[in-house]
Amino acid sequence: MPGSSAIAVAHLAHRYGETQALRGVSFDVAEGAIFGLLGPNGSGKTTLFRILATLLPLQQGEATVLGNSVASAPDAVRRLIGVTFQSPSLDVKLTVGENLKFHGYLYGLSGSQLQSRCSALLDALGLADRVNDNAGELSGGLQRRVEIAKSLLHEPRVLLLDEPSTGLDPGARHDLWRYLRQLRESSGVTILVTTHLMEEAERCDRLAILNHGELVGIGSPDELRASVGGDCITIQTDNLEGLAGRIREKFQLQPQKLGDALRIEMENGHEFVRDLMEADSGDVRSISLGKPTLEDVFIHKTGHRFWDENEAEES
Ligand code: ADP
């Protein structure tokens, strides 16, 4: 594994009883990168996250943080990582400053060293003016930022964030990511986030896409989109089979069936849209044409949507 990797995972597999949660996942995260693990529910993100955080024993394969194995050197890994979980971890009856201070004590920090780290992090995360407010009075976005400040107190070189934007409104999400970028620029910390949100994945330098415990794509959001190529056309229709058959016959294309829609990837999609609408618009309820999105990348790699119909409605 290359020495410059902040995180290196090779042939990682994990099972819970009958359930195979990870099936031989391999990837590297360069130092200083913001790296996303994108996948729908049940794809294995949390399992991978917990293995890297040394909270789940390694069953098969390798996982290292800055060259230290999570299996043979878990204490060294723990000193190098800061972890922020999805579930809230602040004491809402304490002030922001007290939350940080007590967390610092757990890491053996005290006195002026603790004071100066707290101040630096409160500044870095835009929280300096809230230091004396009770954590419970803060908005969800500010609470998340306090949690991140806590996880950075011992100056970890790798920050692991589990679904950091979940539950935040778009404004708070935007702010959170602005602060994460600033942190990366100022301290060089490597950041790994798990996410099921395309919008969050778009903000990462690189992404690993997981599906049923398998890595189905890796690259920058632009590289991943370019791997689809051309345009993506989605046709909503009440006559899926009939229209698909005619498109195959007349245009020699192979539309993919997704729910009640047909999907086609092709170069110069606008010409096909024009030709189809001129020749055979009767069964077309709506038609859309666009450059590939990360959702299209997921469909391209897996043959199915990111969310199944029920989850899409819930989300
Ligand atoms: P994600 O975080 O992407 O939703 P998980 O890593 O939580 O995915 O889950 C991957 C698979 O492992 C799913 O099928 C899930 O039901 C299963 N799983 C996760 N945790 C456990 C557990 N503690 N016991 C049994 N199965 C589990």
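Modeller: Before we start, helices are DSSP runs of H or I with at least four residues, strands are E runs of at least two, and both are numbered from the N terminus. The model is predicted, so local features need pLDDT of at least 70 and side-chain atom pairs pLDDT 80 or more, while totals for chains, interfaces and linings use all residues. Residues are numbered from 1 along each chain as its sequence is written, and side-chain values use heavy atoms, with hydrogens and water left out.

Colleague: Happy to dive in! Which element gives the largest share of the shell around the ligand?

Modeller: A residue counts as near if one of its heavy atoms lies within 4 Å. The residues around the ligand include Tyr16, Pro40, Gly42, Lys45 and Thr47. Three residues of the shell, its largest share, come from helix H1.

Colleague: How does the shell split by class?

Modeller: Ala, Val, Leu, Ile, Met, Phe, Trp, Tyr, Cys and Pro count as nonpolar, Asp, Glu, Lys and Arg as charged, and the others, Gly among them, as polar. Sorted that way, the shell has three nonpolar, seven polar and one charged residues.

Colleague: How far is a polar side-chain atom of Thr47 from an oxygen atom of the ligand?

Modeller: With the ligand, a polar contact is a pair of N or O atoms within 3.5 Å. Gly42 brings a polar backbone atom to 2.7 Å from a ligand oxygen, and Lys45 has a polar side-chain atom at 2.9 Å from one. For the side chain of Thr47, the distance is 2.5 Å.

Colleague: Nice. Is Phe49 buried or partly exposed?

Modeller: Rings of Phe, Tyr and Trp (its six-membered ring) pair if their centres lie within 6.5 Å; planes under 30 degrees apart are stacked, over 60 edge-to-face and the rest tilted. There are five aromatic pairs, one of them the edge-to-face pair of Phe49 and Phe85, with 6.1 Å between centres and 75° between planes. Under 20% relative accessible area is buried, over 50% exposed and in between partly exposed (1.4 Å probe, protein chains only). Phe85, at 33%, is partly exposed, whereas Phe49, at 1%, is buried.

Colleague: Where do Phe102 and Tyr105 lie?

Modeller: These two rings form an edge-to-face pair, 5.7 Å centre to centre with 70° between the planes. Phe102 is partly exposed at 44%, and Tyr105 is partly exposed at 44%. Three residues apart, about one helical turn, both lie in helix H3.

Colleague: Last one: which residue lies over the face of Tyr179?

Modeller: A charge sits over a ring if NZ of Lys or CZ of Arg is within 6 Å of the ring centre and within 35 degrees of the ring normal. At 5.1 Å from the ring centre of Tyr179, the residue over its face is Arg178.

Note on methods: Polar contact = N/O pair within 3.5 Å; in protein donor to acceptor, adjacent residues only side chain to side chain.
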